[in-house]
Amino acid sequence: TGQGYYVACLNSHRIKKLALSTFAVTDYGGDGTTGAPNDGLAPASARFHGPRDLAHDQSGNLYVTEWTGCRIRVINNQASTITFYSTTAVPGNSTQV
């Protein structure tokens with residue numbers, strides 16, 4: 001996005017943000033633990049299970065694929081919350097979404 005770059009950290013279960021203006025790297029999403037998804041919370045309080053790929057839409061929402069969690073979740077740019085989007089229910093299978 002225009003504000004920075006986002007990186008999915010598979011093994012630490014976090015989303016990092018690199019601010020373009022300061023080059024500071026901060027935790028943007030994920031509390032570093034795995035477990036049942038706790039949607040509806042702020043991104044920093046969310047639990048990811050192997051975040052792997054990221055994409056954003058024109059509204060600035062950030063979509064997160066979970067490699068081992070078999071889910072796609074979205075971080076809502078307006079509400080600053082994370083919600084469930086879709087699942088394949090098969091680890092590593094992206095053809096069923």
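Let me start with Arg47. Its relative accessible area is 31%, so Arg47 is partly exposed. This is a predicted model, by the way. Keep that in mind throughout.

What does Arg47 meet? The side chains of Arg47 and Asp31 form a salt bridge, 4.0 Å from N to O. Both residues lie in the loop between strand 3 and strand 4, so the pair ties together parts that are 16 residues apart in sequence. Asp31 has a relative accessible area of 30%, so Asp31 is partly exposed too.

How many salt bridges does the structure hold? Six. I'll go through two further ones, then a network.

Next is Asp27 with Arg14. Here the closest N and O atoms are 3.4 Å apart. Asp27 sits in strand 3 and Arg14 in strand 2, so this bridge ties together parts that are 13 residues apart in sequence. On accessibility, Asp27 comes in at 39%, which makes it partly exposed. Arg14 is partly exposed as well, at 22%. The cut-off for buried is under 20%, so 22% does not qualify.

Now Arg73 and Asp39. Their side chains meet in a salt bridge of 2.7 Å, N to O. The pair links distant parts of the chain. Arg73 is in strand 6, residues 71-76, and Asp39 is in the loop between strand 3 and strand 4. They are 34 residues apart.

Buried or exposed, what is Arg73? Buried, with a relative accessible area of 0%. Its partner Asp39 is partly exposed, at 32%.

That brings me to the network. Salt bridges link Asp39, Glu66, Arg71 and Arg73. Take Arg71. It is found in strand 6. Its relative accessible area is 15%, so Arg71 counts as buried. Which residues does Arg71 touch? Leaving out residues up to four places away in sequence, they are Gly35, Pro37, His49, Val64, Thr65, Glu66, Phe84, Ser86 and Thr87. Note that Glu66 is in that contact list and also in the salt-bridge network.

On to the sheet. Four strands form an open sheet, in the order 4-5-6-7, and the pairing is antiparallel. Which strands stand at the edges? Strand 4, residues 51-56, and strand 7, residues 81-87. Each has a single partner strand, so one side of each is left without a neighbour in the sheet. The twist averages 25° from one strand to the next.

Zoom in on one edge. Strand 4 runs antiparallel to strand 5, residues 62-66, and five bridges join them. For a register point, take Ala55: it stands opposite Tyr63 in strand 5.

There is also a charge-over-ring case to look at. The charged end of Arg52 sits over the ring of Trp67. The distance to the ring centre is 4.4 Å.

Back to the loop between strand 3 and strand 4, for Gly40. Gly40 is found in that loop. It is partly exposed, at 47% relative accessibility. What does Gly40 touch, beyond residues up to four places away in sequence? Thr81 and Ile82. The C-alpha atoms of Gly40 and Phe84 are separated by 8.9 Å, with their positions 44 residues apart along the chain.

Now aromatics. A pair of rings is described by the distance of the centres and the angle of the planes. How many aromatic pairs does the structure hold? One. The rings belong to Tyr6 and Tyr28. Their centres are 4.9 Å apart and their planes stand at 65°, so the pair is edge-to-face. The cut-off for that label is over 60 degrees. Tyr6 lies in strand 1, residues 4-9, and Tyr28 in strand 3, residues 25-29, so the pair ties together parts that are 22 residues apart in sequence. Tyr28 has a relative accessible area of 24%, so it is partly exposed.

Last residue: Phe23. It is found in the loop between strand 2, residues 14-19, and strand 3. Buried or exposed? Exposed, with a relative accessible area of 61%. The C-alpha atoms of Phe23 and Gly4 are separated by 8.6 Å. Along the chain, Phe23 and Gly4 are 19 residues apart.

To recap: six salt bridges, one aromatic pair, and an open antiparallel sheet of four strands. That's it from me.

Definitions and conventions:
Residues numbered from 1 in each chain as written. Predicted model: local features only at pLDDT ≥ 70, side-chain atom pairs only at ≥ 80, totals over all residues. Heavy atoms only, no water. Pairing = 2+ DSSP bridges. Helix = DSSP H or I, 4+ residues; strand = E, 2+ residues; numbered from the N terminus. Axes fitted to C-alpha atoms, helices over the stretch in contact; angles between N-to-C directions. Phe/Tyr/Trp six-rings, centres within 6.5 Å; stacked < 30°, edge-to-face > 60°. Buried < 20%, exposed > 50% of the residue type's maximum accessible area, 1.4 Å probe, protein only. Lys NZ or Arg CZ within 6 Å of the ring centre and 35° of its normal. Contact = heavy atoms within 4.5 Å.
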